[in-house]
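Dear colleague,

I am passing on the structure we spoke about, and my notes on it follow below. Please read them with the sequence and the coordinates open beside you.

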Amino acid sequence: MSSRKRVLLCVGIVMLLCLGTVAAVGCGSHEESASPESTASASTRYAEQFPLQYETLQQTRVNAKGITVGHAAEHLAEICEAPTVRDANGDPVLDQDGSVQMVEAAFNPETDTYDINRLSDEQLAEMNLRSGCVACKTTHFDDIYAQQGAAAFGNVYNAEARAIVGGDYFDCALCHVGEPDSGELKANLSFWQATGGSFAARLDPRIGICAQCHNYSDYRSSIETEDDLRSIDMYRNGYDIDALFETSWEDGVNFDVDEKTGIAESYVLHPTVELFKDTRMEELGVTCVDCHMPKAKAEDGAEYTDHFSAKSPLESDDSLAYCLTCHERQGTKTADDMAAYTRERQRELAEGMADLQKRESAFKAALVEAVGERGKDDPSLDEPKELYAKATWYDKCLETGPNESPGSQAAMLDWRSILEKAQAACDEGMAALGR
């Protein structure tokens, strides 16, 4: 990119993406971004009939890393429409302090704002802002797909495409079928329906609706034609952590390869549903909705489902009360006890991850040294390179997202076995190098 400067902005700061002010949902100041009538009607019906659910859906929080998280439409608009430098996966490039790199060409010094509408399609392509980035954030991607076909995944997310979405991110139709009061849950995103296969079909709907986004897939950037879309077979080797590694390794997705050394490192983002499947909690019938969208009571006593799914269950008395329905029988008596128990598991996992990363660093240093001695294409390095990639795969699976704090996923996966696998991969790799 010829014109770029690094401007450090905390991800949690609301970025003004359009000239003027940002409207309640999306960039309302740009005429082309007005929501279609059908979109407004659907959203309005849900908001009017279920105001408590819709109100909680539009909440965000600042996590332990100081990063704003949540599914609020305005927040997702900031993520999807921000003029940031993006990686091959279409995700904003973050510095270690949680800041992002902004595109200089989108900065308007007169208004002191960043304006995506100032960017040409060529500039949008350079910063890798593709419509495929919103394939798991709004059902209106299906409308883009209907117009553009499979090429929509790789086409730039320009003003025309953004007008189709109309700022209606994480719309109710992602998870609900028909009228708001039907009560039917279904994973409605077409990309997940096309790629999830029999694995997706077996999921409890209260897990499947979250699985649409919280899965390991990184295939969107490779889709150009209908044949590309139909050829994706994400679960051909299975859905456990090793099967997913095998599939990603075979397909060349979820890994960055250093050109100089040929060493690959995983960047898999959130294989949450796959790692939750077959855990003890899943076997007991616990679903994503049970913990992250608990039943709550309004001030007037009305019961409703809290839709603030990005809130940590440890910060929700309603979620902790649900946890206690099982854990109380194990001697955990109060919500505070439940939170303390979970945080102790998170601390153990975080310590294990820190130790793993030390092992990985030593392994990589030895691997880089071996590449320098033998050359990056020496076949004797194929095995240790794959083992190093596998170690980083396990590491990223434990992290399940760059915005998460180390250890925060302790309740959602079988982390002890994953740590053991990662440590074994490091040890085997070092042995293969003769270290």
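I begin with the second largest pocket, which has a volume of about 240 Å³; please keep in mind throughout that this is a predicted model. Of the 14 residues that line this pocket, D240, I241, L275, K277 and D414 are the closest to its centre. The elements that contribute two or more residues to its lining are α11, α12 (272-276) and α18 (415-432), and the largest share, three residues, is supplied by α18. Sorted by class, the lining of the second largest pocket consists of seven charged, five nonpolar and two polar residues.

Closed space is a separate matter. A search of the whole structure for cavities of 30 Å³ or more returns one, and the largest cavity holds about 30 Å³ of space. Its lining is made up of S43, Y54, Q58, A73, D168, Y169, F170, D171 and C172, which by class amounts to five nonpolar, two polar and two charged residues.

One of those lining residues, F170, also deserves a look for its backbone, since its phi is near 50°, a positive value in a residue other than glycine. F170 sits in the loop between α6 (159-165) and α7 (190-195), and at 17% relative accessibility it counts as buried, the limit being under 20%. N254, likewise not a glycine, has a positive phi of about 70°. This asparagine belongs to the loop between α11 (241-251) and β7 (255-257), and N254 is buried, with a relative accessible area of 2%.

You may want to know about the cysteines as well: how many disulfides does a search of the whole structure find? The search finds zero. For C136, the closest cysteine sulfur is that of C213, at 3.9 Å, which is too far for a bond because a disulfide requires the two sulfur atoms to lie within 2.5 Å. C136 is buried, with a relative accessible area of 12%, and C426 is buried too, with a relative accessible area of 2%.

Turning to the aromatic residues, a search of the whole structure gives 16 aromatic pairs. In one of them, Y145 and F153, the ring centres are 6.3 Å apart and the planes stand at 70°, so the pair is edge-to-face, a label that applies to angles over 60 degrees. Of these two residues, Y145 counts as partly exposed at 24% relative accessibility, whereas F153 counts as buried at 3%. In another pair, F199 and Y235, the ring centres are 4.5 Å apart and the planes meet at 35°, so the pair is tilted. This second pair links distant parts of the chain, with F199 in helix α8 (residues 197-201) and Y235 in the loop between α10 (226-231) and α11, 36 residues apart. Both F199 and Y235 are buried, and both belong to one aromatic cluster, whose other members are W192, Y216, Y239, F245, W249, F255 and W393.

Lastly, there is a contact between a charge and a ring, in which R345 lies over the face of Y341, at 4.8 Å from the ring centre.

With best regards

Notes
Residues numbered from 1 in each chain as written. Predicted model: local features only at pLDDT ≥ 70, side-chain atom pairs only at ≥ 80, totals over all residues. Heavy atoms only, no water. Buried < 20%, exposed > 50% of the residue type's maximum accessible area, 1.4 Å probe, protein only. 1 Å grid on protein atoms, 1.4 Å probe; cavity = no way out; pocket = protein on both sides within 12 Å on 5 of 7 lines; lining within 4 Å. Points joined across faces, edges and corners; volume = space filled by probe spheres on them. Nonpolar A, V, L, I, M, F, W, Y, C, P; charged D, E, K, R; others polar. Helix = DSSP H or I, 4+ residues; strand = E, 2+ residues; numbered from the N terminus. Phe/Tyr/Trp six-rings, centres within 6.5 Å; stacked < 30°, edge-to-face > 60°. Lys NZ or Arg CZ within 6 Å of the ring centre and 35° of its normal.
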